[in-house]
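Here is a short set of exercises to work through at your own pace. Try each task before you read its solution.

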Amino acid sequence: MRTSWRWAGARSIGTSHSKTGTPCQDYACAKEFLTLEGPVMVAVVSDGAGSASHAQIGSRTVCLGFLKACRSFLARSSLSSLSEDDVWDWIDAIREAINIKAKACDARPRDFAATLVAVLAGPEHSVVVHVGDGAVVLKQAGTEEWIVPSWPFQGEYASTTSFVTDDPQPRLVVTAVEGIVEEFAVFSDGIERLVLDHVSKRAHQPFFNRMLAPLKISQAQSLDRDLSAALQSYLETPAVCERTDDDKSVILGLRA
């Protein structure tokens, strides 16, 4: 049976990380959940803080913890009933998982600092969850415009943002999107300046139209592994790396 969503995703280590021998500190994952209301597509990206010694573990813990929380919630509740308090419960569970890892290796939670940006796309209702930078862009049914429901957060100083591990709590933004989401992209801050106009606070429409075009003609029934490999190759091209030396992650999805 054909699934409701088709998607591709990739992450690539930044050239600055390669030069210093630092591992890729981004993590990204996606999964479609079958619920009583219909299929819900979840895609999440996390960017580990460059200054955090265990950032790559932090970003992985954030993404996997988020998917675990989504699975548990959607197994018993509808996406339309999701509240900000529910998401705070998810964040608290992720923070506790990080605390446990920190204690196990005699480190501090902030050594695992990582952002979180995610979309839960349901049949007629979607939710964007956002801590820090990176972004989700969406295209809804009946329109050609890509919207940015929650803008990347930048702190008081350059290159600063909010992280899931922030004390006493992170800056969490939960945004409900009514209507049918047909296409989406979720990405880390490594490609922000390539795809977002920070002056007008709009998405670069041609970029996303071009990136989603191969998915529209794909025959894959869920994750398109070939397109994911091609996406990773694209992220590693000189044209991209000359404009950003940071780690880069992106997940693209559309209704099949």
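The exercises below deal with charged side chains, their exposure and their partners.

A note before you start: this is a predicted model, in which local features need pLDDT of at least 70, side-chain atom pairs count only at pLDDT 80 or more, and totals for chains, interfaces and linings use all residues. Residues are numbered from 1 along each chain as its sequence is written, and side-chain values use heavy atoms, with hydrogens and water left out.

**Exercise 1.** Find how many salt bridges there are, and describe the pair that Arg108 forms.

Solution. Start with the rule: a salt bridge is a side-chain nitrogen of Lys or Arg within 4 Å of a carboxyl oxygen of Asp or Glu. Applying this rule gives four salt bridges. In one of them Arg108 pairs with Asp111, with 2.9 Å between the closest N and O atoms. Next, look at exposure, where buried means under 20% relative accessible area, exposed over 50%, and partly exposed in between (1.4 Å probe, protein chains only). Arg108 is partly exposed because its relative accessible area is 42%, while Asp111, at 10%, counts as buried.

**Exercise 2.** Decide whether Lys139 is buried or exposed, and do likewise for its salt-bridge partner Glu144.

Solution. First the distance: the closest N and O atoms of Lys139 and Glu144 are 3.4 Å apart. Lys139 has 4% relative accessibility, so it is buried. Glu144 reaches 61%, so this residue is exposed.

**Exercise 3.** Work out which parts of the chain the salt bridge between Glu145 and Arg202 links.

Solution. The side chains of Glu145 and Arg202 meet at 3.8 Å, N to O. This pair links distant parts of the chain, 57 residues apart: Glu145 sits in the loop between strand S6 (135–140) and strand S7 (146–147), and Arg202 in strand S11 (residues 202–203). Here strands (E, at least two residues) and helices (H or I, at least four) are DSSP runs, numbered from the N terminus. Both ends are partly exposed, Glu145 at 36% and Arg202 at 42%.

**Exercise 4.** Place Ser81 and list its contacts beyond its neighbours within four places in sequence.

Solution. Ser81 belongs to the loop between helix H2 (55–74) and H3. With contact meaning heavy atoms within 4.5 Å, and those neighbours set aside, Ser81 touches Phe73 and Asp86. Its relative accessible area is 40%, so Ser81 is partly exposed. As a last step, compare Val195: its C-alpha is 32 Å from that of Ser81, at a sequence separation of 114 residues.
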